[in-house]
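Take a look at the structure below and let's walk through some of its parts together.

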Amino acid sequence: MFIRNIQSEKSRFNPLQGQSFPIGPTLMEGGVNFCIFSKHATLVELLIFNHINEIYPAEVFTLNPKYNKTYHYWHIFLEGAYEGLIYAYRIHGPYEPENGHFFDSSKVILDPYAKAVVIPEQYSRKAHTKLGKGGLHSMKNVIVDINNYDWDGDSHPRTPFSRTVIYEMHVGGFTKHPNSGISPEKRGTFAGLVEKIPYLKDLGITAVELLPIFQFDTQDAPPGMINYWGYSPVSFFAPHQGFSTEPNSLKVLDEFRDMVKALHNEGIEVILDVVFNHTAENKEDGPTYSFKGIDNSIFYILEKDKSKYKNYSGTGNTLNANQSIVRRMILSALHFWVRDMHVDGFRFDLASILSRDERGNPIENPPILWDIESDPILAGTKLIAEAWDAAGLYQVGSFIGDSWKEWNGKFRDDVRSFLRGDTGKISDFVTRVIGSPDIYAAKNREAEQSINFVSCHDGFTLMDVVSYNHKNNLANNEGNRDGNNENFSYNFGIEGPTNNKLINRLRKRQIKNFHVINILSLGAPMILMGDEVCRSQQGNNNAYCQDNEISWFDWDLVEKNQDMFRFVKILIQKRLMRETSQRGFNLSLLEFLQKPLIEWHGIRIGQPDWRKNSHAIAATFSSLSGQMAMHYMVNAYVEDLTFELPKQVNDSPIRWKRWIDTAKDSPHDIAQWKDSPWIMETQYHVKAHSIVIAMGSIKNNGL
């Protein structure tokens, strides 16, 4: 016999040679084929467990290098193995940090390609950092039949970016609050999110961008805290057990797919925030439960001193994404989520790391990025890059390929800066509103190349942007040293919450200003969960470890701030019904800007003030068909201003209706088009810190 069972003479399974493909665990007729890559391992053992909480395996199968190894792939077929079987590996090899090897045969090692990870009740991240310490309550894998699900004819909505409005959200935080109206067993789960789809549909968003849902290590956080955001991946294939109504079961896969199917039924796409730049094993003194114990020098980028990691992620290690084995794994993971889980797109966390070679140097044509760009299974999938990394590599506007869209961090910073009244920002502000041509026009790409946002999970919520001048991260137990110090925020005179009615009105006005610019600018807008109802994180701009009411969606705010919800909802409706000919969808940003569609003004028609100390701008946008026009008046001054209104557009007389005035109270701050009041004067008084938008029909002088 090629394999010997060293645990018992009688086994439930008949071990056979197996094969080197497919890599990972594969349920086949009669059993399961197991395959794992390790170039430098000297011996591999397959461990079978009867229960999640077991420390020691019930059976151990030793893979004979002569018969159970092809190239660097170790494999075995267990006849009689089945879905639900709990397993892991033990991998032997040299412990030679100076050569980049950290093998520890005492550790239970996870299969990188497994579709399910289970965590014992007594799991301790800290215990897994100690060399040679076996007998631990370790994470394990479970065999999954991925084809055992009825999709009921589900298909991808394939919403074009020109009609996409993204809602960035945390699966758990969306329904964890006790006032969510969700039953306790479903709070914070994929199933709980399904029950809130009517809310998302009513708001009008077309895609949810979910913070990481790969299995992550919740213990990767300061002492006494919990990793909430999930940027601490344990597996790139397995959904997070904490988002299931029955943790440590295979039900998590069905509940994820149920969520995707339910969102698709309402025309809402699912975009995953994916972390392929680092893992939860962190730096050299971090835990060993997967890649470090499989073949550390293959999976991570190492320093010249190979006992240490390159750290372009800011978390201690960097995945060696352009190494051929790692590239294959990343691509296989993306295939799995698109083909088998029906995901519509991905936002790549710190995507610039994926452009670094095996020494960490940026390369012009990164193989992994071109693999993703050109892959037929991923064709039509939304690809969004956070085009920078934690080591200073900044590629906004220069990210490779034809399919990638980019998070536009400059949009956030310039819009915040101008609207709070900073000097010297008017040109930057205008540039962001018209699709950031300084960044994207040269690539001759569509206007939606830019993913616009004024807030995201990383930083202040919009409520905190207008309420805090300084971050308040003391709750993170890191001495307020974490998080960005510059937030381009302004508290309007009082730090934090206040009962001052004047300040509260100014704050709400400014939030509406942000929503107007974000949703109506050229580019694809992204809204942070809860910004539509003024959610606050009490000034915490790095709430990655706050799995509590600081981070959760407070559903009482929907009623309390229904005026803001209404405002955002109508804005989204307007964006999605915006009159654009079919020809317009195919225009590049450069072609769009070369057409006579925009006229710039100041408080006087035709006299824009581009001086550094200017805080006001007006613009008339006419539609591609030439039938409709919108006139923006933006006043970022601390005093009111009176703007002239155009008497004609495209040489035709025009009458204006007031659509938006962010200084007015609801429902007069925004109206449905048919209900918008006529503006009888030839000028308009625009309050301090406010935006007014008028609209008109050019051909028939009516709406």
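Helices α5 and α6 are oblique to each other, the label for angles that fall outside the other classes (under 35 degrees is roughly parallel, over 145 roughly antiparallel, and 65 to 115 roughly perpendicular). Their axes come within 10 Å and cross at roughly 120 degrees. Axes here are lines fitted to C-alpha atoms, for helices over the stretch in contact, and angles run from 0 to 180 degrees between N-to-C directions. On the α5 side, F291, I298 and F299 make the contact, and they meet I325, V326 and M329 of α6. Contact means heavy atoms within 4.5 Å. Helices (H or I, at least four residues) and strands (E, at least two) are DSSP runs, numbered from the N terminus.

A quick word on the source: this is a predicted model, where local features need pLDDT of at least 70 and side-chain atom pairs count only at pLDDT 80 or more, while totals for chains, interfaces and linings use all residues. Residues are numbered from 1 along each chain as its sequence is written, and side-chain values use heavy atoms, with hydrogens and water left out.

Helix α6 (residues 324-340) turns up again in the largest nonpolar core, giving it 10 residues, the largest share. That core has 178 residues, and Y167 and F348 touch the most other members. A nonpolar core is a set of buried Ala, Val, Leu, Ile, Met, Phe, Trp, Tyr and Cys residues joined through side-chain atoms within 4.5 Å. Apart from the largest core lies another, of 16 residues, including V686 and V692.

Now for the strands. Eight of them, β14-β15-β16-β17-β18-β19-β20-β21, form a closed barrel with parallel pairing. From one strand to the next, the twist averages 30 degrees. Two strands pair if DSSP finds at least two bridges between them. Within the barrel, β19 (residues 404-407) and β20 (residues 450-452) run parallel and are joined by two bridges; W407 has I451 of β20 as its bridge partner.

Elsewhere, β28 pairs with β30 (residues 690-697) in the antiparallel sense over four bridges, and K657 is matched with M695 in β30. How many residues of β28 are buried? Five of the five are, so β28 (residues 657-661) is largely enclosed by the rest of the structure.

Here are some single residues that count as buried, meaning under 20% relative accessible area (exposed is over 50%, partly exposed in between, with a 1.4 Å probe and protein chains only).

| Residue | Relative accessible area |
|---|---|
| L272 | 1% |
| C456 | 3% |
| H177 | 8% |
| C534 | 8% |

L272 sits in strand β16 (residues 269-274). Leaving out residues up to four places away in sequence, L272 touches L210, I213, F256, W337, V343, G345, F346 and R347. H177 is in the loop between α1 (171-175) and α2 (190-195). Beyond its neighbours within four places in sequence, H177 is in contact with R187, E549, W552, F553 and D554.

What about the two cysteines in the table? The structure holds zero disulfides, a disulfide being a pair of cysteine sulfur atoms within 2.5 Å. For C456, the nearest cysteine sulfur is that of C545, 16 Å away. Why is C534 without a bond to C456? The sulfur of C456 is the closest cysteine sulfur to that of C534, but at 18 Å it is too far for a bond.
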